[in-house]
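Visitor: Could you take me through one part of this protein at close range, and then show me how the rest of the model fits around it? I work with computed structures every day, so please keep the values in.

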Amino acid sequence: MKAFLINNYTKDGLQLADVPAPKVGDNDVLVEVNSASINLLDSKIKKGEFKLFLPYQFPLILGHDVAGIITQVGKNVKKFKIGDEIYSRVSDFHIGTFAEFISINEKDVALKPKNLTMEESASIPLVALTAWQALVEKANLKKGQKVFIQAGSGGVGTVAIQFAKHLGATVATTASEKSFKLLKNLGADILIDYKTQDFETMLKDYDVVLNSQDNKTLQKSINILKPNGQVISISGPPTPDFAKEIGLPWYLKIVMSLLSFSIRGKAKKRNIDYSFLFMKASGNQLEKITKLIEADIIKPVIDKIFPFEQTNEALEYVESGHAKGKIVIKIK
């Protein structure tokens with residue numbers, strides 16, 4: 001099969017190569033990939049930014065999100081059959097959706113939403129699971145609370161705004177002015193132009209911040225939270241709690257303790273809870289998200305669809321930071 005891969009950590013593009021089709025384990029389904037979407041995570045893994053806790057082997061096929069059709073099932077698979085249309089955010093260490101086929105553990109898979117196309121379905125899993133795990137699981141966001149979601153027009157932002165509104169929160173977000181109409185339609189209440197306005201002077205007494213930006217923005221985010229508020233960061237720095245959660249060795253716990261020392265200290269002084277979220281694959285959570293999609297509560301936001309052979313151009317577009325919503329590659 002054809003696949004886009006890297007042979008080492010690199011800032012350069014991916015290589016298109018012919019590789020053997022994946023083996024199908026007893027608990028796996030083989031999926032003929034129709035569409036995959038690109039996430040900033042793909043770029044970060046390509047450059048080696050997460051090699052401390054995600055030490056991948058090479059050659060490595062990239063890609064975390066997929067929508068496609070099951071063509072083979074392992075002998076222990078109970079929930080799915082050949083011909084099922086599915087979508088998934090595949091597990092870490094089992095990535096590889098920038099390919100014609102991928103083998104996925106059935107626990108990471110859900111039937112795709114009936115009201116979405118394959119391309120729309122492929123745009124959803126990673127960003128929706130991130131928003132779910134941040135706002136529903138970690139923050140336990142409730143009606144009447146106030147949440148600040150940074151970079152509202154990005155992949156995670158567009159879905160997180162919809163989740164937060166569904167949960168009954170007041171939503172503030174940052175974006176450029178040309179995205180304001182889109183974000184208002186998704187449910188954002190307070191729109192801040194990051195080019196001309198400073199959110200730190202405009203927001204106060206917030207319950208939750210979903211941070212996806214740099215360290216400077218993270219530091220400022222603590223200042224807008226009320227005591228006992230939460231800042232959940234999907235862009236780092238990772239914490240010793242995170243290291244413990246994923247079972248890293250003691251010396252990496254020390255590294256992560258040092259990386260997050262300053263921000264944890266500042267948060268503690270203000271009685272704020274700081275946590276780092278690296279989302280996990282979950283077919284069960286995707287099933288819950290599917291119900292919200294089929295009820296028209298969550299809608300995909302796609303900026304562009306690229307053909308498979310233009311995967312490198314699609315990745316560059318994601319890295320440019322100008323995408324509004326998700327970038328999808330059409331494989332079949």
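Guide: Gladly; let's begin with a single side chain. The side chain of T174 reaches the backbone nitrogen of A151, at 3.0 Å. Keep in mind that this is a predicted model. T174 sits in strand β10, which covers residues 170-175. Is T174 buried or exposed? Its relative accessible area is 9%, and because the cut-off for buried is under 20%, T174 counts as buried. Around T174, leaving out residues up to four places away in sequence, the contacts are F148, I149, Q150, A151, G152, I192, Y194 and F199. A151 therefore turns up twice, as a partner of the T174 side chain through its backbone nitrogen and in the list of residues that T174 touches.

From there, let's move to the nonpolar interior. In soluble globular proteins, nonpolar side chains tend to be buried together. Here the largest nonpolar core has 105 residues, and those with the most contacts inside it are F53, V147, F163, I289 and I329. Which element gives the most to this core? That is α3, with 8 residues. A second, separate core has 6 residues, among them A3, L5, I61 and A99.

I289 is a good one to follow. Setting aside neighbours within four places in sequence, I289 is in contact with Y87, I124, A128, L129, W132 and F163. I289 is also one of the buried residues of helix α11, along with G283, Q285, L286, T290, L292 and I293. Seen down the axis of α11, these buried residues fall within an arc of 160°, so they line one face of the helix. The general background is that an α-helix has 3.6 residues a turn, so residues three or four places apart point the same way.

What covers that face? The cover of the buried residues of α11 includes β6 (85-89), β8 (109-111), α3 (125-138) and α4 (155-166). The geometry of α11 can be checked too: at 1.5 Å a residue, its 12 residues (283-294) should span 16 Å, and the end C-alpha atoms are 16 Å apart, which agrees. Just after α11, D296 takes a positive phi of about 65°.

That brings us to backbone values worth a look. Most residues other than glycine have a negative phi, and most peptide bonds are trans. D205, in the loop between α6 (199-202) and β12, has a positive phi near 60°. With a relative accessibility of 40%, D205 counts as partly exposed. N271 also has a positive phi, of about 60°, although it is not a glycine. N271 belongs to the loop between α10 (261-269) and β14, and at 44% relative accessible area N271 is partly exposed.

Two cis peptide bonds can be added to the tour. One runs from F58 to P59, with omega near -5°, and P59 is in the loop between α1 (40-47) and β4 (60-61). Another runs from G236 to P237, with omega near 0°; P237 lies in the loop between β13 and α8.

Finally, the charged pairs. How many salt bridges does a search of the whole structure find? It finds 15, and three of them make a useful sample. D92 pairs with R89, the closest N and O atoms being 3.0 Å apart, and R89 is buried at 1% relative accessibility.

D207 forms a salt bridge with K226, with the closest N and O atoms 3.2 Å apart. D207 lies in strand β12 (residues 206-211) and K226 in strand β13 (residues 225-233), so this pair ties together parts that are 19 residues apart in sequence. D207 counts as buried at 12% relative accessibility, whereas K226 is partly exposed at 31%.

E245 and K280 form another salt bridge, with the closest N and O atoms 2.7 Å apart. E245 is in helix α8 (residues 240-245) and K280 is in the loop between β14 (273-276) and α11, so the pair ties together parts that are 35 residues apart in sequence. Both ends are partly exposed, E245 at 47% relative accessibility and K280 with a relative accessible area of 43%. The loop that holds K280 ends at α11, and that brings us back to the helix where I289 is buried.

Definitions and conventions: Residues numbered from 1 in each chain as written. Predicted model: local features only at pLDDT ≥ 70, side-chain atom pairs only at ≥ 80, totals over all residues. Heavy atoms only, no water. Helix = DSSP H or I, 4+ residues; strand = E, 2+ residues; numbered from the N terminus. Expected span 1.5 Å × (residues − 1). Buried < 20%, exposed > 50% of the residue type's maximum accessible area, 1.4 Å probe, protein only. Arc of directions from axis to C-beta. Contact = heavy atoms within 4.5 Å. Polar contact = N/O pair within 3.5 Å; in protein donor to acceptor, adjacent residues only side chain to side chain. Core = buried A, V, L, I, M, F, W, Y, C linked by side-chain atoms within 4.5 Å. Salt bridge = Lys/Arg side-chain N within 4 Å of Asp/Glu carboxyl O.
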